Amino acid sequence: MKIVFATNNSHKLDEIRQILGSRVEVLSLKDIGCDVDIPETGSTLEENAMQKAQYVFDHYHIDVFADDTGLEVNVLGGAPGVYSARYAGEGHDSEANMQKLLSELSGTDDRRARFRTVIALIQKVDGEDSVQHTKLFEGIVDGQIIRERRGGEGFGYDPIFQPDGYDETFAELGLEVKNHISHRARATAKLAEYLLK
């Protein structure tokens, strides 16, 4: 089975390919010749994931899935949420994003948070380029924001997010463990179960 993952983020591609293994050939946007920076103008993770998948399906007529992930912090009312990647500005600067979040939480002991991934899948129906079937999958992992960075693996907020049931951050656990327990792993497992049934 061949499917496009609507991303050029090498970290995400590596994670997804490891999770799906050899059962599914996962192509990137680069693999299909798409070098457009697909807009994400939705106000929810679901809208952004669907927007990216729909763009690829409409322009390339190929089965596709796209994801959007947000870090949702309880005391901040679910922020940064859909704006997680650009929390400190448009530059997608992980260091600046972490620094801003740690600064905003400096005066509170309630550091509960969760990572949530939504995957939008669009497939052709009976080989018809214009007829589509869509489905959403969600993965959540609960945890807390620690007070200072720990670990050198992963990306984004991984150095300051400690999942429930572990004494280490995502950045300390390493990809192999993270890929079994992460929000993206949980959403991808649902996607894989659906694709391979």
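Start by selecting L71 and F115: F115, in β5, is the bridge partner of L71. You are looking at a predicted model, so a quick word on confidence is useful before going further. The protein averages a pLDDT of 92, and 99% of the residues score at least 70. Colour by confidence and you will find the lowest mean, 82, in α1, while the highest, 97, belongs to strand β7 (residues 161-163). Where pLDDT is low, the predicted coordinates should not be read in detail.

**Stop 1: strand β3 and its neighbours**

Now select residues 64-73, which make up β3. Strand β5 (residues 112-125) pairs with β3 in the antiparallel sense, over 10 bridges. Next, add strand β1 (residues 2-5), which runs parallel to β3 and is joined to it by two bridges. To see this pairing, pick F5, whose bridge partner in β3 is F65.

Return to L71 and look toward β4, where G81 stands opposite L71. β3 and β4 pair in the antiparallel sense, again with a count of two bridges.

**Stop 2: the two faces of β3**

Show the side chains of the strand. In a regular strand the side chains alternate between the two faces of the sheet. Here V64, A66, D68, G70 and E72 point one way from β3, and F65, D67, T69, L71 and V73 point the other way. Are the residues of β3 mostly covered or open? They are mostly covered: 10 of the 10 residues in β3 are buried.

**Stop 3: a contact between T69 and T117**

Keep T69 on screen and select T117, which lies in strand β5. The side chains of T117 and T69 make a polar contact at 2.7 Å. T117 has a relative accessible area of 0%, under the 20% cut-off, and therefore counts as buried.

**Stop 4: the hairpin and a cis bond**

Follow the chain out of β3 toward β4. The two strands form a hairpin with six residues between them, and G77 in the turn has a positive phi of about 65°. Continue to P80, which is placed in strand β4 (residues 80-81). The peptide bond from A79 to P80 is cis, with omega near 0°. Most residues other than glycine have a negative phi, and most peptide bonds are trans.

**Stop 5: H61, before β3**

Go back to the other end of β3 and select H61, found in the loop between α2 (45-60) and β3. Its backbone deserves a look: phi of H61 is near 50°, a positive value in a residue other than glycine. How exposed is H61? With a relative accessible area of 33%, which falls between the 20% and 50% cut-offs, H61 is partly exposed.

**Stop 6: the largest pocket**

Finally, turn on the surface and find the largest pocket, which holds about 940 Å³ of space. Of the 34 residues lining this pocket, N9, K12, E40, A85 and H92 are the closest to its centre, so select those five to locate it. Which elements each supply at least two residues of the lining? They are α1 (10-20), β3, α3 (94-104) and α6 (183-195). β3 turns up here too: the largest share of the lining, three residues, comes from this strand. Colour the lining by class and you will see 11 nonpolar, 11 polar and 12 charged residues.

Conventions
Residues numbered from 1 in each chain as written. Predicted model: local features only at pLDDT ≥ 70, side-chain atom pairs only at ≥ 80, totals over all residues. Heavy atoms only, no water. Helix = DSSP H or I, 4+ residues; strand = E, 2+ residues; numbered from the N terminus. Buried < 20%, exposed > 50% of the residue type's maximum accessible area, 1.4 Å probe, protein only. Pairing = 2+ DSSP bridges. 1 Å grid on protein atoms, 1.4 Å probe; cavity = no way out; pocket = protein on both sides within 12 Å on 5 of 7 lines; lining within 4 Å. Points joined across faces, edges and corners; volume = space filled by probe spheres on them. Nonpolar A, V, L, I, M, F, W, Y, C, P; charged D, E, K, R; others polar. pLDDT = per-residue confidence, 0-100. Polar contact = N/O pair within 3.5 Å; in protein donor to acceptor, adjacent residues only side chain to side chain.
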